[in-house]
Amino acid sequence: MSEVNRRDFMKTAGTAGAFMIAQGINVKSYAQNDKVQVACIGTGGQGSFHLRPGLAGTENIQIVGISDVFEPHQKSGVLYGQISNAKVMIKEGQQFSELSDEDQQKVKDAKRPDAFYDYKEMLSTLGDQIDAVLARLSS
């Protein structure tokens with residue numbers, strides 16, 4: 001198995017994205033489901049911000065996988081992913097227990113994203129379920 005560093009990963013992702021734009025590929029038209037299935041790599045800081053107000057407010061997106069090597073970020077990413085899948089808005093610093101009973105039940109009923117430490121394992125395991133990848137890597 002070859003080692004992939006962050007620089008090579010970003011080059012490959014950027015090239016793939018540029019190719020899709022150049023070819024006029026619309027991720028939503030490519031999606032095999034009603035919702036675009038998204039996997040997230042890196043869910044601390046900025047990554048969790050994308051999950052909270054960003055993707056949570058979008059009806060046609062479902063978070064299917066979370067990958068982070070730092071366990072606390074991974075666990076919070078899974079929770080934010082499930083909150084996003086429930087389409088419940090949560091404010092910065094707001095705790096799950098502070099949500100209304102109705103919103104807490106929505107979250108409990110929503111799909112819980114699968115958690116991974118290794119993004120390559122996530123992509124391999126969920127490959128055919130993933131329509132898009134959101135990567136937020138520290139610099």
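Biologist: Let's start with the charged side chains: how many salt bridges does the count come to?

Modeller: Keep in mind that this is a predicted model. One pair is K75 and E71, whose side chains meet at 3.4 Å, N to O. Another is D103 and K106, at 3.9 Å, N to O. A salt bridge needs the nitrogen within 4 Å of the carboxyl oxygen, and by this rule the count comes to two.

Biologist: Where do K75 and E71 both lie?

Modeller: These residues are four apart in the chain, about one turn of a helix. K75 is exposed, with 54% relative accessibility, whereas E71 is partly exposed at 36%. The element that holds both K75 and E71 is helix α4.

Biologist: And which helix holds D103 and K106?

Modeller: D103 has a relative accessible area of 21% and is partly exposed. K106 is partly exposed too, at 37%. D103 and K106 are three residues apart, about one turn, and both lie in helix α5.

Biologist: Back to α4, then: is Q74 buried or exposed?

Modeller: Q74 lies in helix α4, and beyond its sequence neighbours within four places, its contacts are T43, I66, D68, A115, F116 and Y117. Its relative accessibility is 7%. Buried means under 20%, so Q74 counts as buried.

Biologist: How far is the backbone oxygen of F116 from a polar atom of the Q74 side chain?

Modeller: F116 is one of the contacts of Q74 outside its neighbours within four places in sequence. Here the Q74 side chain offers a polar atom and F116 its backbone oxygen, and the separation is 2.8 Å.

Biologist: Which residues touch the most other members of the largest nonpolar core?

Modeller: This core has 17 residues, and β1, α3, β2 and α4 each supply at least two of them. Nonpolar side chains tend to be buried together in soluble globular proteins. The residues that touch the most other members are L51 and I63.

Biologist: How many residues are in the other core, which includes A39 and V64?

Modeller: That core lies apart from the largest one. Besides A39 and V64, its members include F116 and L126. The number of residues in this core is eight.

Biologist: What separates the C-alpha atoms of G65 and M122?

Modeller: G65 lies in strand β2 and is buried, at 0% relative accessibility. Leaving out neighbours within four places in sequence, its contacts include V38, D114, M122 and L126. Although G65 and M122 are 57 residues apart along the chain, their C-alpha atoms are separated by 6.9 Å.

Biologist: Which residue other than glycine has a positive phi, near 60°?

Modeller: Look in the loop between α4 and α5. The residue there is buried, with a relative accessible area of 18%. Its name is K87.

Biologist: Which element has the lowest mean pLDDT?

Modeller: For the protein chain, the mean pLDDT is 79, and 68% of residues reach 70 or more. Strand β3 has the highest mean among the elements, 97. The lowest, with a mean of 50, belongs to helix α2.

Biologist: Over which residues does pLDDT stay under 50?

Modeller: For this stretch the model has one contact beyond four places in sequence. Where pLDDT is low, the predicted coordinates should not be read in detail. The stretch is residues 21-25.

Technical notes. Residues are numbered from 1 along each chain as its sequence is written. This is a predicted model: local features need pLDDT of at least 70, side-chain atom pairs count only at pLDDT 80 or more; totals for chains, interfaces and linings use all residues. Side-chain values use heavy atoms; hydrogens and water are left out. pLDDT is the predictor's confidence in each residue, from 0 to 100. Helices (H or I, at least four residues) and strands (E, at least two) are DSSP runs, numbered from the N terminus. Contact means heavy atoms within 4.5 Å. Buried means under 20% relative accessible area, exposed over 50%, partly exposed in between (1.4 Å probe, protein chains only). A nonpolar core is a set of buried Ala, Val, Leu, Ile, Met, Phe, Trp, Tyr and Cys residues joined through side-chain atoms within 4.5 Å. A polar contact is a pair of N or O atoms within 3.5 Å; within protein, one must be able to donate a hydrogen and the other to accept it, and residues adjacent in sequence count only if both atoms are side-chain atoms.
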